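New to this one? Take a look at the sequence and the model first, then use the notes below to find your way around.

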Amino acid sequence: MKKIVVGISGASGMPLAIHLLKVLRTNPDVETHLVISTGAQMTILQETNMAIADVLALADYVYDNHNVAASIASGTFETAGMIVVPCSMKTVAGIAHGYSDNLLLRSCDVTIKEQRQLILVTRESPLSPIHLENLTHLSRLHHVMIMPPMLTYYNLPQTIEDMEIHMIGKILSQFGIEVDQFKRWQ
Ligand SMILES: Cc1cc2nc3c(=O)[nH]c(=O)nc-3n(C[C@H](O)[C@H](O)[C@H](O)COP(=O)(O)O)c2cc1C
């Protein structure tokens, strides 16, 4: 069983996070460990018509972001890595500077120190020099990948969901997971 930690922070893009959790839920080889920030709770209410409890119900295990004693706060709890989707610039700053004052940040810190895959689906526009410096710093770490949810047109998407699937396919490829509807460039 592949354990993947999913962090949802308070950037825009909740439908993408929810879509990713739904895709992972259909995979019998994956176990999801979810932590969501306070900012994310606000953004979920703003951007979706789902209750927080319904989003949490999409994961196998859920952790309180204040609980820095949870299993995912320790490197001895083995996982395949972590995805932060969407990843706010505040969370980027916390990760880049090792400022782990909540479970989501601590779990990213652990993922980096254990040299496991960390995918940051960062979202902000425009990006300030502060954002770019933090992102550059993180992108130089071997196991960290900055993967902003960019619009892609070459796969001829018809819906926003098509665009999301393309993004989710790219994210999960990093964990060796193939997404059915993901169209690779031939
Ligand atoms: C509706 C909404 C959308 C937001 N979108 C973004 C965003 O795209 N990128 C970002 O960095 N912050 C965004 N923010 C601000 C963050 O939620 C805020 O900085 C928060 O403190 C982030 O904390 P967290 O990373 O712990 O969730 C948004 C806030 C709201 C309410």
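What follows is a quick tour of the sheet, the ligand site and a few single residues.

This is a predicted model, in which local features need pLDDT of at least 70, side-chain atom pairs count only at pLDDT 80 or more, and totals for chains, interfaces and linings use all residues. Residues are numbered from 1 along each chain as its sequence is written, and side-chain values use heavy atoms, with hydrogens and water left out. Two things to look for up front are an open sheet of 6 strands and a ligand surrounded by 14 residues.

**The sheet**

- Reading across the open sheet, the strand order is β3-β2-β1-β4-β5-β6, and the pairing is parallel. Helices (H or I, at least four residues) and strands (E, at least two) are DSSP runs, numbered from the N terminus. Two strands pair if DSSP finds at least two bridges between them.
- As background, strands of a sheet pair through backbone hydrogen bonds, either parallel or antiparallel.
- At the edges sit β3 (61-63) and β6 (144-146), each pairing on one side only. From one strand to the next, the twist averages 20 degrees; axes here are lines fitted to C-alpha atoms, and angles run from 0 to 180 degrees between N-to-C directions.
- Strand β1 (residues 2-8) pairs with strand β4 (residues 81-87) in the parallel sense over 4 bridges. To spot this pairing, find isoleucine 4, which stands opposite glycine 81 in β4.
- β1 also pairs with β2, in the parallel sense over 7 bridges. Here valine 6 has leucine 34 in β2 as its bridge partner.
- Is strand β2 (residues 30-36) largely enclosed or not enclosed by the rest of the structure? 7 of its 7 residues are buried, so β2 is largely enclosed. Buried means under 20% relative accessible area, exposed means over 50%, and partly exposed is in between (1.4 Å probe, protein chains only).
- Val30, Thr32, Leu34 and Ile36 point one way from β2, while Glu31, His33 and Val35 point the other way, and all are buried.

**The ligand site**

- Of the 14 residues around the ligand, the closest are Gly10, Ser37, Ser88, Thr91 and Arg123. A residue counts as near a molecule or strand if one of its heavy atoms lies within 4 Å of it.
- By class, this shell has 2 nonpolar, 9 polar and 3 charged residues. Ala, Val, Leu, Ile, Met, Phe, Trp, Tyr, Cys and Pro count as nonpolar, Asp, Glu, Lys and Arg as charged, and the others, Gly among them, as polar.
- Backbone atoms take part here: a ligand oxygen is 2.6 Å from a polar backbone atom of glycine 10, and a ligand oxygen is 3.1 Å from a polar backbone atom of serine 12. A polar contact is a pair of N or O atoms within 3.5 Å; within protein, one must be able to donate a hydrogen and the other to accept it, and residues adjacent in sequence count only if both atoms are side-chain atoms.
- A side chain joins in too, with an N or O atom of lysine 90 lying 3.0 Å from an oxygen atom of the ligand.
- Taken alone, the ligand exposes 640 Å², and the protein buries 70% of that. Accessible areas come from the Shrake-Rupley method with a 1.4 Å probe, and for residues only the protein chains shown count as cover.
- Which elements give two or more residues to the shell? They are α2 (38-47) and α4 (89-96).

**Residues worth clicking on**

- Threonine 48 is in the loop between α2 and α3 (52-56) and is buried, at 17% relative accessible area. Its side chain reaches the backbone oxygen of isoleucine 44 at 2.9 Å, and a polar atom of that side chain lies 3.1 Å from the backbone nitrogen of methionine 50.
- Threonine 26, in the loop between α1 and β2, counts as exposed at 64% relative accessibility. A polar atom of the threonine 26 side chain lies 2.6 Å from the backbone oxygen of valine 23.
- Arginine 25 belongs to helix α1 (residues 14-25) and is exposed, at 52%. Arginine 25 and aspartate 60 are 35 residues apart in sequence and 8.1 Å apart in space, C-alpha to C-alpha.
- Isoleucine 171 lies in helix α7 (residues 160-173) and counts as buried at 0% relative accessibility.
- Phenylalanine 182 is in the segment after α7 and counts as buried at 12% relative accessibility.
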